[in-house]
Amino acid sequence: MKVLFFCNLVPARTGAVERLLTEVGRVFQGRGDQLVLGLPAEPGDEVASAWRGAGLTWNLVPGWTDAAGREHPWRFCGPALKWLKRHRPDVAVVHFGNEGPSFVVALLAKAAGLVRVRWVWVQDQQIADPTTVTRGLSRIRLLALVFDHFVAVYEGGKRSLLLRGIPEHRISVIRNAVADYESRRPRGWLRQELGAAPTGIIVTLVSSLIARKRVEFSLRAWARLTVSLSSLPPASGPCLVIVGAGREEASLKALARDLGVAGAVHFLGYRSDVRDILAESDLLIHSSMAEATSYAILESMAASRPAVVTDSGAAREQIEDGVSGFVVGRDEEERFADRIRQLATDANLRRRMGGEARRRWAEHFTLERAAGQYHSLYQQRARPSCQRCAGEVEP
C-alpha cells in the first residue's frame, strides 16, 4: 500500500504532529507499506532524521506557505496533481483546512484517470455545528462528492460532519495522541529558573498567544485567584507560567500589569522543553475559545497533571469533569478561578486527579494507538473489497 499524505505543516522542529507522523511511518515500515508526505517546506534536521529513520519520504509543494508563514492554498493544486500522477498512490490524504483546493485537486485527479485513488479528509480543527442554511452550503458537503472518507479527531467533530450530511459509515474518529515522556531534569529546576519558592504551586498554561486561545480570560481568572489566596504565606503562593509566543504577547503582559498580577505571572515565550515544564508543574489551565483535541491537555494528562479547562471542542472527551480535572463553561471566569483554587490548595486532590488523567491518556490517547488506527483506516480504503464495515477502525 502507498499513501500520499498532504499536510500544510512547516516541520522546523519536533512537535506533536511530527511525532505522530513518525509513529505512523514506523507502522507503515513494519508492514512493508509506504507513506509519502507532501509538505510546503523541508523539515528541520531533527525532524528529517526521525522521519528517515521511520521510512518516510517527502515531496515539496512550492509556495504553499511563504517565508512569513502565510498560506497560499490555491498554490497547492498544481504540485499536488503532479505528485499524484508520479506516485499513483492507493490512498491520498489531505490534512489541512482548505476545502476548495482539495476538492479541485481530487476532481482533476479523477479526470486525469486516477480513479482508483481513495481520498481521505482529516478534520483536525473544531468546526461549529451548521445552521439550516450552512448545512446545505457547507464546503465539507462539497468535499463529500469526491472524498471517500472523513476523519474527525473527536466525537464532537464527527457530530458536526454528520450534521453536514456526511453518512456515518464514511466517518471515523481517531483521536489526537501524544507519546509518553519521562523528564530527566532534576526536580526543582523550573522553580530555580523562575526564582520561585521551593514549595510554591506552579500553574502552567501552554498556548499560542493569539485571540482564539483567550489567554486574557486565564489572566483575569488568575487575578481573581490571587485575591482569594492573598492570605497564604509567600512560600506557598502560586505562580502562573505561560509558555508560548504570538502577536498578543505585548498586550497580555500589559494586561497582567493592569490586573496587578505581573509579579506572579511568568511569560516564558516559545520553549522546546514544554514536557519538562509540565513535569515540574502542579496543574494545567486551558481557556481556548475553539479547539479540537488539545495537544497541551494531552501532554499534561500523560504527565499525570490535572487540568482546569473551558468547555470547547474535545475538552469533555479529554478531561472527565470532577475526576481527572475540571471543565467549566466557556465564559465562567469566576468558576474557572475557583476550580484552580481547589487544586492549588489541595495536594491530595491534585495527586488523585493527576493519576486519573494519566489513566485516561493511557486508555485513549497514546501515540501507538492512533498510529495503528490510521494505518488500519488507510488499509481499508486501499482495499475497498474488504469485508469489514467501511466505517470501522480498530478501537
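These legends go with close-up views of a predicted model.

**View 1. Seven strands side by side in an open sheet.** Going across the sheet, the strands come in the order β3-β2-β1-β4-β5-β6-β7, and they pair in parallel. Which strands stand at the edges? Those are β3 (57-60) and β7 (171-173); each has a single partner strand, so one side of each is left without a neighbour in the sheet. From one strand to the next, the twist averages 20°.

**View 2. Strand β1 and its partner β2.** β1 covers residues 2-7 and β2 covers 34-39. The two run parallel, and five bridges join them. If you want one pair to look for, try Val 3, whose bridge partner in β2 is Leu 35. How many of the six residues of β1 are buried? Five are, so β1 is largely enclosed by the rest of the structure.

**View 3. The β6 and β7 end of the strand order.** Strand β6 takes in residues 149-152 and pairs with β7 in the parallel sense, over three bridges. Ala 152 has Val 173 of β7 as its bridge partner. β7 is one of the strands at the edges, with a single partner strand, so one side of β7 has no neighbour in the sheet.

**View 4. Helix α3 laid across five strands.** The helix lies across β1, β2, β3, β4 and β5 (118-123). How does α3 run relative to β1? The angle between them is about 170°. α3 spans residues 77-87, and a loop leads from there to β4 (91-95).

**View 5. Arg 88, in the loop after α3.** Arg 88 sits in the loop between α3 and β4. Its phi is near 45°, a positive value in a residue other than glycine. Most residues other than glycine have a negative phi. Is Arg 88 buried or exposed? Arg 88 has a relative accessible area of 53%, and the cut-off for exposed is over 50%, so Arg 88 counts as exposed.

**View 6. Arg 214, another arginine with a positive phi.** Phi is about 55° here, although Arg 214 is not a glycine. This arginine is found in the loop between β8 (202-206) and α9. Is Arg 214 buried or exposed? Its relative accessible area comes to 6%, and buried means under 20%, so Arg 214 is buried.

**View 7. Leu 225 in helix α9.** This leucine belongs to α9, which covers residues 215-228. Leu 225 is buried, with a relative accessible area of 0%. What does Leu 225 touch, leaving aside its neighbours within four places in sequence? Its contacts are Ala 337, Ile 340 and Arg 341. Leu 225 and Arg 341 are 116 residues apart along the chain, yet their C-alpha atoms are separated by 6.5 Å.

**View 8. Helices α12 and α15 packed together.** α12 (residues 295-302) packs on α15 (residues 347-364) at about 115°, with the axes 7 Å apart. The two helices are therefore roughly perpendicular to each other. The crossing of α12 past α15 is left-handed. Which residues make the contact? From α12 they are Leu 298, Met 301 and Ala 302, and from α15 they are Ala 357, Arg 358, Arg 360 and Trp 361. Sorted by class, that gives five nonpolar residues, two charged ones and no polar ones.

How values were computed
Residues are numbered from 1 along each chain as its sequence is written. This is a predicted model: local features need pLDDT of at least 70, side-chain atom pairs count only at pLDDT 80 or more; totals for chains, interfaces and linings use all residues. Side-chain values use heavy atoms; hydrogens and water are left out. Axes are lines fitted to C-alpha atoms, for helices over the stretch in contact, and angles run from 0 to 180 degrees between N-to-C directions. Helices (H or I, at least four residues) and strands (E, at least two) are DSSP runs, numbered from the N terminus. Angles under 35 degrees count as roughly parallel, over 145 as roughly antiparallel, 65 to 115 as roughly perpendicular and the rest as oblique. A crossing is left-handed if the near helix is turned anticlockwise from the far one by less than a right angle, and right-handed if clockwise. Contact means heavy atoms within 4.5 Å. Ala, Val, Leu, Ile, Met, Phe, Trp, Tyr, Cys and Pro count as nonpolar, Asp, Glu, Lys and Arg as charged, and the others, Gly among them, as polar. Buried means under 20% relative accessible area, exposed over 50%, partly exposed in between (1.4 Å probe, protein chains only). Two strands pair if DSSP finds at least two bridges between them.
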